[in-house]
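This report introduces one structure to a reader who has not met it before. It deals with one helix and then with a group of aromatic side chains.

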Amino acid sequence: MKRRAVSFRLPALAQDVLLGLLVAATQVQGTLTKPADIGSRPLTDFGYLGYLLLSASGLVLIVRRRWPVPVFIATTLISLTYYTVGFSDGPGWIGLFVALYTLTAYGDGRRSLAMAGVGIAVLATGWLIAAADIQPRAAIGWVFFRIAASIMAAALGESVRSRHVITAEALERARQAERTREEEARSRVDAERLRIAREVHDTVAHAIAIINVQAGVTAYLLGKRPERAREALLTIEKTSAQALHEMRAVLGVLRDSENGRVPHPGLGQINELAAVAREAGLDIKLEVPSSPAPMPSAVDHTAYRILQESITNVIRHVGPTRVTVALDYRTDVLELRVTDEGGRDASGADDGGPQPPAGTVHRGSVEPGRGIVGMRERCGLLGGELTAGPRPCGGFEVKARLPLAPAGTVHM
């Protein structure tokens, strides 16, 4: 059984406490171990001031993360005091270098660098003045070492800070990219859900409207003209079978990753659509070119669905009437129009044909559904436009313009 490694890390305050004690002890012990400089003061002068300064510059590091600027100022003043009084040189600058590193590593960039630069300039000036009469003269090299080491400590802290900033920005970009991917995925899911809803609405609404009309005709003719009732039942069977086939094609996308295995219906099936509408009692007139121009599949399918929904609305809300379907293939746009003459009164009805079933209603007597909204959404997705409304001379008209090229395409 594998054991997962457990990492142990001291809290930041505990780390700084240990660091402060270690630096204080190292500065004191290192200065005592090193041979005293010629003419330097012993650490015991002025009431053990040397010991106090070396210890204080280490112990002040305990609060370096919380107050980096005050700690740097304190270590700077301690260092200037130590070398101005003339105590022996040694590792008493360790605390100062740690404070410089902390100032730039935990600072805010330009401000902390500027403060570090000013501090190093003050330190260098004070150190050089204090070493003006140093003996032997070669010992002044330690002054330049302290200056160079101070600059390196500040540069190291700035490097660490910059790396942390870059890492944080990269993590934020990764989180933002993840959120963007999730939003895009949700948007695609919502768009697919809306597409399926429109397909299901168009398929089911058309089939149910036809079945409703034919069922009413069957009930009306069952005892009077059984042969016509049989034709109505066959129409119901055909319509329901076609609706089930289209429903399987639409809902199959939810189960099968190979989308598009069944072609979507298009304007090539307009004659079948008109035939079913005639069986429902409509007098359909098609004004369609004999050799239609080729068009994108999305436009072809959208045009078919608009025609299907328009005819379905006539069946549901008007009943038997004359309907004209016109298609105009232009260079860059397909225009289609579906118009009806409105409901017929009793005097205009054909006595020899079947009467409208009892369930037929007029357009103004029902609440508006999602049909026209869905047609407008379909047109909008292709960059087209749709208008629908009553005609001045009676009846209703649906007009749609569908561009044959994607929005934004420039034709030369």
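Rings of Phe, Tyr and Trp (for Trp, the six-membered ring) are counted as a pair if their centres lie within 6.5 Å. The structure is a predicted model. In it, Tyr82, Tyr83, Phe87 and Trp127 form one aromatic cluster.

**Helix α2**

Helix α2 comprises 15 residues, 45–59. At 1.5 Å a residue the helix should span 21 Å, and its end C-alpha atoms are 21 Å apart, so the two values agree. At Leu52, α2 bends by about 35°. The buried residues of this helix are Gly50, Leu53, Leu54, Ser57 and Gly58. Their cover includes α1 (12–33), α3 (68–85) and α4 (94–105).

**Aromatic pairs and a charged neighbour**

A pair of aromatic rings is described by the distance of the centres and the angle of the planes. Seven aromatic pairs are found when the whole structure is searched. Two of them are set out below.

| Pair | Distance of centres | Angle of planes | Class |
|---|---|---|---|
| Tyr82 and Tyr83 | 5.2 Å | 80° | edge-to-face |
| Tyr82 and Phe87 | 5.3 Å | 35° | tilted |

The pair of Tyr82 and Tyr83 is edge-to-face because planes over 60 degrees apart fall in that class. Tyr82 and Tyr83 are both buried, and Phe87 is buried as well.

Arg146 is placed against two rings of the cluster. Its charged end sits over the ring of Tyr83, 3.9 Å from the ring centre. The charged end of Arg146 also sits over the ring of Trp127, 4.9 Å from its centre.

Conventions
Residues are numbered from 1 along each chain as its sequence is written. This is a predicted model: local features need pLDDT of at least 70, side-chain atom pairs count only at pLDDT 80 or more; totals for chains, interfaces and linings use all residues. Side-chain values use heavy atoms; hydrogens and water are left out. Helices (H or I, at least four residues) and strands (E, at least two) are DSSP runs, numbered from the N terminus. The expected span of a helix is 1.5 Å times one less than its number of residues. The bend at a residue is the angle between axes fitted to the seven residues ending there and the seven starting there. Buried means under 20% relative accessible area, exposed over 50%, partly exposed in between (1.4 Å probe, protein chains only). Contact means heavy atoms within 4.5 Å. Rings of Phe, Tyr and Trp (its six-membered ring) pair if their centres lie within 6.5 Å; planes under 30 degrees apart count as stacked, over 60 as edge-to-face and the rest as tilted. A charge sits over a ring if NZ of Lys or CZ of Arg is within 6 Å of the ring centre and within 35 degrees of the ring normal.
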